[in-house]
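Colleague: I've just opened this one and don't know my way around yet. Can you walk me through a few parts?

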Amino acid sequence: MTGAGISAESGVPTFRGPDGLWRNYSAMDLATPQAFARDPRLVWQWYRWRQGIIGKAEPNPGHLALARLQSRISGFTLTTQNVDGLHQRAGSAHVIELHGNIWRARCAGGCGFVRDVAGEPRGDEPLGEPDAVPVCRCGALLRPDVVWFGESLDAARIELAVRAARDCDVFLAVGTSALVHPAAGLPLLAGRAGALVVEINVDETPLTPQAGLVLRGKAAEVLPALELRL
Ligand code: APR
């Protein structure tokens with residue numbers, strides 16, 4: 001399971017790091033359904049700004065090492081909290097995106113319509129003016145297809161992640177502050193089920209005392225080195 005830390009070396013800001021998003025922006029004004037209801041234009045402007053950063057980012061050696069491990073090890077499940085799509089760009093398949101994906105938009109009215117917005121230059125007709133709020137074919141607004149604070153995760157995705165955590169032999173927790181649930185509960189579940197929990201992080205987290213092995217370092221350096229030993 002990965003968090004924002006694995007994409008830090010690709011130039012994608014983390015959330016709670018020294019220059020993290022939540023240090024500079026209010027999550028309550030940008031990443032809640034209430035914020036979207038209050039000011040959908042502001043919320044879209046912010047997600048387009050993040051798309052701008054992520055669109056320029058490249059997968060780093062950490063993403064690439066996980067993609068190679070997935071192709072070598074049967075029964076390798078990749079779960080991520082990241083919405084940047086960098087795992088898929090690194091070649092990983094069947095990535096369980098617990099918190100959605102910033103390159104998709106879905107109907108805020110609940111008609112079920114989901115649209116891929118990757119590669120569409122912002123300001124292109126489908127999304128209208130750069131700071132326009134895109135509208136669904138049913139007439140409701142489109143919103144970023146990500147999980148906001150106070151929202152539930154997709155039941156099927158969390159079920160897949162829980163099953164993989166419960167059945168794994170080794171759980172790699174990479175670049176996550178292990179603060180946001182239910183994702184933060186997955187390594188604990190794996191540990192209780194007998195797996196070796198390995199934390200890969202530049203810093204200590206609440207998970208550190210529970211981990212069977214702590215590899216303190218940058219994901220883009222630790223993962224390729226670990227790959228060589230697996
Ligand atoms: N390599 C490894 N770990 C790193 C690196 C790096 N290069 N850089 C930072 N880290 C670690 C930090 O020490 C921190 O523990 O990555 C973690 C990033 O933590 P957060 O910013 O809290 O990100 P994350 O854990 O993914 O956040 C979880 O919170 O805001 C919500 O939905 C959002 O998915 C996100 C969720």
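Modeller: Sure, here is a short tour of some helices, a sheet, a pocket and two backbone details. Keep in mind that this is a predicted model.

Colleague: Okay, helices then. At what angle do H8 and H9 pack?

Modeller: Helix H8, residues 155-167, and helix H9, residues 185-192, pack at about 35°. Their axes are 7 Å apart, and the crossing is right-handed.

Colleague: Which residues make that contact?

Modeller: From H8 you have Ala 161, Val 162, Ala 165 and Arg 166, and H9 brings Leu 186, Leu 189 and Ala 190. By class, that contact has 6 nonpolar residues, 1 charged and no polar ones.

Colleague: Switching to strands. What order do they have in the open sheet?

Modeller: The order is E6-E7-E8, so to speak from one edge to the other, with parallel pairing in this sheet of 3 strands. The edge strands, E6 (170-174) and E8 (213-216), each pair on one side only.

Colleague: And how much are neighbouring strands turned against each other?

Modeller: By 15° on average, if you ignore direction.

Colleague: How many bridges join E7 to E8?

Modeller: There are 4 bridges between E7, which covers residues 196-201, and E8. Take Ile 200: its bridge partner in E8 is Leu 215.

Colleague: Which helix packs on the sheet?

Modeller: That's H10, residues 219-229, and it touches E6, E7 and E8. The direction of H10 makes about 140° with that of E7.

Colleague: New topic, pockets. What volume does the second largest one have?

Modeller: About 630 Å³. The lining of this second largest pocket has 27 residues, and those nearest its centre are Gly 75, Phe 76, Cys 168, Val 170 and Phe 171.

Colleague: Which elements give two or more residues to that lining?

Modeller: Helix H6 (61-72), H8, E6 and E7 do. So you meet H8, E6 and E7 again here.

Colleague: How do the lining residues divide by class?

Modeller: For the second largest pocket, 20 are nonpolar, 5 are polar and 2 are charged.

Colleague: Last bit, the backbone. Is the peptide bond from His 181 to Pro 182 cis or trans?

Modeller: The bond is cis, with omega near 10°. Pro 182 is in the loop between E6 and H9.

Colleague: And what about phi of His 94, positive or negative?

Modeller: Phi of His 94 is positive, near 50°, and this residue is not a glycine. You'll find His 94 in the loop between helix H7 (86-89) and strand E2 (96-97).

How values were computed
Residues are numbered from 1 along each chain as its sequence is written. This is a predicted model: local features need pLDDT of at least 70, side-chain atom pairs count only at pLDDT 80 or more; totals for chains, interfaces and linings use all residues. Side-chain values use heavy atoms; hydrogens and water are left out. Axes are lines fitted to C-alpha atoms, for helices over the stretch in contact, and angles run from 0 to 180 degrees between N-to-C directions. A crossing is left-handed if the near helix is turned anticlockwise from the far one by less than a right angle, and right-handed if clockwise. Contact means heavy atoms within 4.5 Å. Ala, Val, Leu, Ile, Met, Phe, Trp, Tyr, Cys and Pro count as nonpolar, Asp, Glu, Lys and Arg as charged, and the others, Gly among them, as polar. Two strands pair if DSSP finds at least two bridges between them. On a 1 Å grid over the protein atoms alone, a cavity is a set of points where a 1.4 Å probe fits but cannot get out, and a pocket is an open set with protein on both sides within 12 Å along at least five of seven lines; lining residues have an atom within 4 Å of a point. Grid points are joined across faces, edges and corners, and a volume is the space filled by probe spheres set on the points.
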